[in-house]
Amino acid sequence: MEKNKLNQKLINSYLSVLCPLCSKHTNMITDQNSGELICTACGSVIIDNTETTRSGWTSSNIQELDFRDRTGAPTSLAKYDRGLSTVIGKIDKDASGRQIDLAMKSRVGRWRTWDARSQTNDSSKRNLQSAFIQLYTLKDLLGLPESAIEKIAYLYRKIQERKLIKGRTIKGALAVASYIACRELGIPRTLKEIARISNLKEKEIARIYRKVMFELDLKIPQVDALKEIIKIGNICGISERSKRRAIKMMMTVMKTEISAGKNPRGLAGAVLYLSCKEYDEEITQNKIAEIAGVTEVTLRHDLDIISELIKTFPSKTNT
């Protein structure tokens, strides 16, 4: 009770004070929900009477859903400012929706100009801003999820921090970060495919990739051959029973030592070709090799090795 009387006295004393922002003697209004004292001319908050700083995201009460707006958009590494910078809107209206006067409009315009300049006054920020615009274009072309985008943004920031971007294109560094992120997350995307979509030479991306791997000391997991079987089979239009047969063949091959040091895409193409032959599906070695991204010589070499173990595979009638 005494606290409420003290707050009311404090508010009444402010009613006769000029607004520190617009320098006008105006009426003040009080927000009944938050207890804030607000200037009716410019909308600035004179007294912030809130006693708690709870985050609306943690509340499950329907009546508190409006508080979620206070937290703003979630932070993201794929934004050059991580989503933490302020933005001054271009609507020249106060909190009540009325047009502000010319003096205040000129002042807000200067604030808006300096706010925009302060966010891009650093070359590294401009580099990130340009890179992440291209990143979302690459996301649509490759069909990557949000988790991959965050990983790519993290890797690109690491590349920039170690100054590995100097002398190289932003597009090339993004392509390398995309390839590494896809490998780490198990997304079947080849270096050749990323180079084609990025409109870059594969040798250029491979050169940057080796440099980044050495400088950042990254450990990239091996390509999942089973996922490559599904990817190659879908592109070639192979039936489901042939793909299941190829997966069982590959699981048997992986238990032996012949898969060590071999290109997983070449092995995937070889078992797919063998399974298609068993089910009398017409497919050429040239087509499978092209989709798998290997040469026909590599494919035939893997076929010769796997054919020696063909007797150890279970009968196709059991698949």
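**Exercise 1. Cysteines.** Work out how many disulfides this predicted model contains, and decide whether C276 takes part in one.

*Solution.* In this predicted model, the count of disulfides comes to zero. To see how this applies to C276, begin with the cut-off, which asks for a pair of cysteine sulfur atoms within 2.5 Å. The nearest cysteine sulfur to that of C276 belongs to C236 and is 7.9 Å away, and C276 is in no disulfide. As a further step, consider accessibility, where under 20% relative accessible area means buried. At 1% relative accessibility C276 therefore counts as buried, and C182, with a relative accessible area of 1%, is buried as well.

**Exercise 2. Helices α9 and α10.** Describe how helix α9 and helix α10 pack, and state which residues meet.

*Solution.* Two packed helices are described by the angle between their axes and the distance between the axes. Helix α9 covers residues 240-254 and helix α10 covers residues 264-278, and the two pack at an angle of about 130° with their axes 8 Å apart. That angle makes α9 oblique to α10. For the handedness, α9 passes α10 in a right-handed crossing. The next step is to list the residues: from α9 come S242, K243, R245, A246, M249 and M250, and they meet L267, A268, V271, L272, L274, S275, C276 and E278 of α10. Sorted by class, the residues of this contact of α9 with α10 are nine nonpolar, two polar and three charged.

**Exercise 3. The surroundings of S242.** Place S242 in its helix, decide whether S242 is buried or exposed, and name its contacts beyond the neighbours within four places in sequence.

*Solution.* S242 lies in helix α9. Its relative accessible area is 0%, so S242 is buried. With the neighbours within four places in sequence left aside, S242 is in contact with S275, C276, Y279 and E281. Among these partners, S275 and C276 are part of α10's side of the contact with α9.

**Exercise 4. Helices α11 and α12.** Find the crossing angle of α11 and α12, classify their arrangement, and list the residues that make the contact.

*Solution.* The axes of helix α11 (residues 285-292) and helix α12 (residues 296-307) come within 9 Å and cross at roughly 110°. Since angles of 65 to 115 degrees count as roughly perpendicular, α11 and α12 are therefore roughly perpendicular to each other. The contact is made on the α11 side by Q285, N286, I288 and A289, and on the α12 side by E296, L299, R300 and L303. By class, this contact of α11 with α12 has four nonpolar residues, two polar and two charged.

Notes:
Residues numbered from 1 in each chain as written. Predicted model: local features only at pLDDT ≥ 70, side-chain atom pairs only at ≥ 80, totals over all residues. Heavy atoms only, no water. Axes fitted to C-alpha atoms, helices over the stretch in contact; angles between N-to-C directions. Parallel < 35°, antiparallel > 145°, perpendicular 65-115°, else oblique. Contact = heavy atoms within 4.5 Å. Nonpolar A, V, L, I, M, F, W, Y, C, P; charged D, E, K, R; others polar. Buried < 20%, exposed > 50% of the residue type's maximum accessible area, 1.4 Å probe, protein only. Left-handed = near helix turned anticlockwise from the far one by under 90°.
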